[in-house]
Each structure stands twice: as structure tokens, then as C-alpha cells.
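Trainee: I have a structure to go through with you. Can we take it one question at a time?

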Amino acid sequence: MVNLSGWGLTARLVSKHFGALGDTVARAIAGFDPETATQADRDALADKLRAAAQELAQARADFARESADVARIRKLVDDDTAAAQALAQRMKAAEDASQRADLERQVNMLLDDVEANRAKLGTEKQQVVDAEAFRDEVQQIVDMLAGQLEAFDDKARSARQQLQQARAEKDLQALRLSQQQTLEGLRGLSGTGTALDALTRKAQQISASAEGEKIVADIGRKPADRAAELDAIRKSATGSQREDTLARLERLSGKD
């Protein structure tokens, strides 16, 4: 990951090669916060990632091309140097002055190219170093943007899971409330307030009223019952009970 507080080379390279995109990418890296980012922020960051990825592909291609140029020039220098050495040996062995002069001219031509290519090789090597540094910095930017997108998606997944759990909990509580209301309704069928209970209470009231009337009637009969009992006691005590007609007929109809 690139250090946001010290990514000077990256900032310069991105600004140079990306143009306006460099500033946009820099702001996106510095300001992106997955905790508060909206989907629009996520889409914008994804666009920056795609742009940076395209630049990374180009940077890799440039590095490969510069590396190939260095290898080609280095091989050319080596081949020309070897050819110049071979011609120099032939030049030394030549007895003909004209032939020796021609060989010397050829050796000098090769050495001129070797010198020029050696000078060019230094520049090409530096271009390889710069291309490699740029490629690596862009790779870090791509990795950072990819990491921020991953962080956003992780937060989004977590938020969706929490939302699903909250909805499930809400549905569960609604179901429990519905079940509780159903149970309360069922309890009401066997509790107070039904027609059966009203009839039962009415019967109890009538029974209580009848019992009260019986008690009152019993209380009213007590003086008459007491007077009859006292009269019987008196007759029994005096022996003056009077024989009625039917009892007398039965007594006299008996056989001796």
C-alpha cells in the first residue's frame, strides 16, 4: 500500500501521466470512507479503479518495451564490439595498406555505433527504472482502490445482514403479538362475558332468591307449629283425648 502522507513520487507520476485523472484519484484515495460512503461514492471509486487499472496495463506495457529496448541495445553493443575486435585482428594481420585502411575504417564505424549505443543505453536504462517505478506506484494505487472497494462491499454486506436480522426480528415480534392476541381471544371464549356465564349467573340468582323465600316461609310457620305441638302435649298429659266416630265404630265392631 502506498503511504498517503508521503506518496510524492506517485503524485508526480500520476499527475504527469494521468493528467486530470491524477488529482481525482488522489482525492478519492484520501477522502474515501467506507463507513459513510454512499452507493454513488462506490460507483465513482469503481470508475477510478477501472481507469487506474487501464493505466497500470499501459505502464506494464511501457516497462516491457523499455526493458526490451535496453536488451536490444545491449546486445547490439556487444555484437558490434565483438565484430570490431574481429576486424581489428584482421586489420593487424593485413599486409596491404589499402586493405588495412579499409578494415580500420570499418572498425571505426562499428566503434562509433558502439559509443553512440553505449550513451543511448544509459538513457534507456534510466527510462526502464522510471517505467518500473511508475508501474509499481500505479500498482499500489490499484491495490489501494481495490482494497477500499472491498472494504465498502464488506460494510455493505454487513449492513444488509443487520437489516435482514432487524426485519426478521420485527416479523418475529409481530407474529408473537398476533399469537398473543389469538390466545387472548380464545381465553375470552371460556371466560366471563359469554351467554353461558350469563345463564349460570341468572340461575344462581334465582336459586338464591328461592332459598331466601324458603327461609322466610320457615320463619313464618314456626309459631303455628309450636302451638300445635303444645296442644298435643296438653292432651297427652290430661288423658282427655276424644275418640272420633271411626275409631269408636272399629272398637265396637270387634268380636267378643
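**Salt bridges, core and ring contacts**

Mentor: Begin with a charged pair: Arg65 and Glu66 form a salt bridge, and their closest N and O atoms are 3.8 Å apart. Keep in mind that this is a predicted model.

Trainee: Is Glu66 buried or exposed?

Mentor: Buried means under 20% relative accessible area. Glu66 has 12% relative accessibility, so Glu66 counts as buried.

Trainee: And what is the class of its partner, Arg65?

Mentor: The partly exposed class runs between 20% and 50%. Arg65 has a relative accessible area of 42%, so Arg65 is partly exposed.

Trainee: How far apart along helix α3 are Asp79 and Lys75?

Mentor: These two side chains form a salt bridge, with 2.8 Å between the closest N and O atoms. Asp79 is partly exposed at 39%, while Lys75 is exposed at 53%. Both sit in helix α3, and they are separated by about one helical turn because they are 4 residues apart.

Trainee: Which helix holds both Asp102 and Arg105?

Mentor: Their side chains meet in a salt bridge, 2.8 Å from N to O. Asp102 is partly exposed at 32%, and Arg105 is partly exposed at 44%. The two are 3 residues apart, about one turn, and both lie in helix α4.

Trainee: Which residues do shared salt-bridge partners join into one network?

Mentor: Arg65 and Glu66 are already paired. Salt bridges with shared partners link them into one network with a further residue, giving Asp62, Arg65 and Glu66.

Trainee: How many salt bridges does a search of the whole structure find?

Mentor: Side chains of opposite charge can pair when their charged atoms come close. Asp79 with Lys75 is one such pair here. The whole-structure search finds 7.

Trainee: Turn to the nonpolar side. How many residues make up the largest nonpolar core?

Mentor: Members include Leu45, Leu56, Phe134 and Leu149. Helices α3 (39-93) and α4 (97-190) each supply at least two residues of this core. Nonpolar side chains tend to be buried together in soluble globular proteins. The core's full count is 12.

Trainee: Which residue lies over the face of Phe63?

Mentor: A search for aromatic pairs finds 0 in the whole structure. Phe63 has a charged neighbour over its ring instead, at 4.4 Å from the ring centre: Arg135.

Trainee: Last one. What separates the C-alpha atoms of Ala82 and Leu110?

Mentor: Ala82 is in helix α3 and is partly exposed at 41%. Along the chain, Ala82 and Leu110 are 28 residues apart. Their C-alpha atoms are separated by 9.6 Å.

Methods:
Residues are numbered from 1 along each chain as its sequence is written. This is a predicted model: local features need pLDDT of at least 70, side-chain atom pairs count only at pLDDT 80 or more; totals for chains, interfaces and linings use all residues. Side-chain values use heavy atoms; hydrogens and water are left out. A nonpolar core is a set of buried Ala, Val, Leu, Ile, Met, Phe, Trp, Tyr and Cys residues joined through side-chain atoms within 4.5 Å. Buried means under 20% relative accessible area, exposed over 50%, partly exposed in between (1.4 Å probe, protein chains only). Rings of Phe, Tyr and Trp (its six-membered ring) pair if their centres lie within 6.5 Å; planes under 30 degrees apart count as stacked, over 60 as edge-to-face and the rest as tilted. A charge sits over a ring if NZ of Lys or CZ of Arg is within 6 Å of the ring centre and within 35 degrees of the ring normal. A salt bridge is a side-chain nitrogen of Lys or Arg within 4 Å of a carboxyl oxygen of Asp or Glu.
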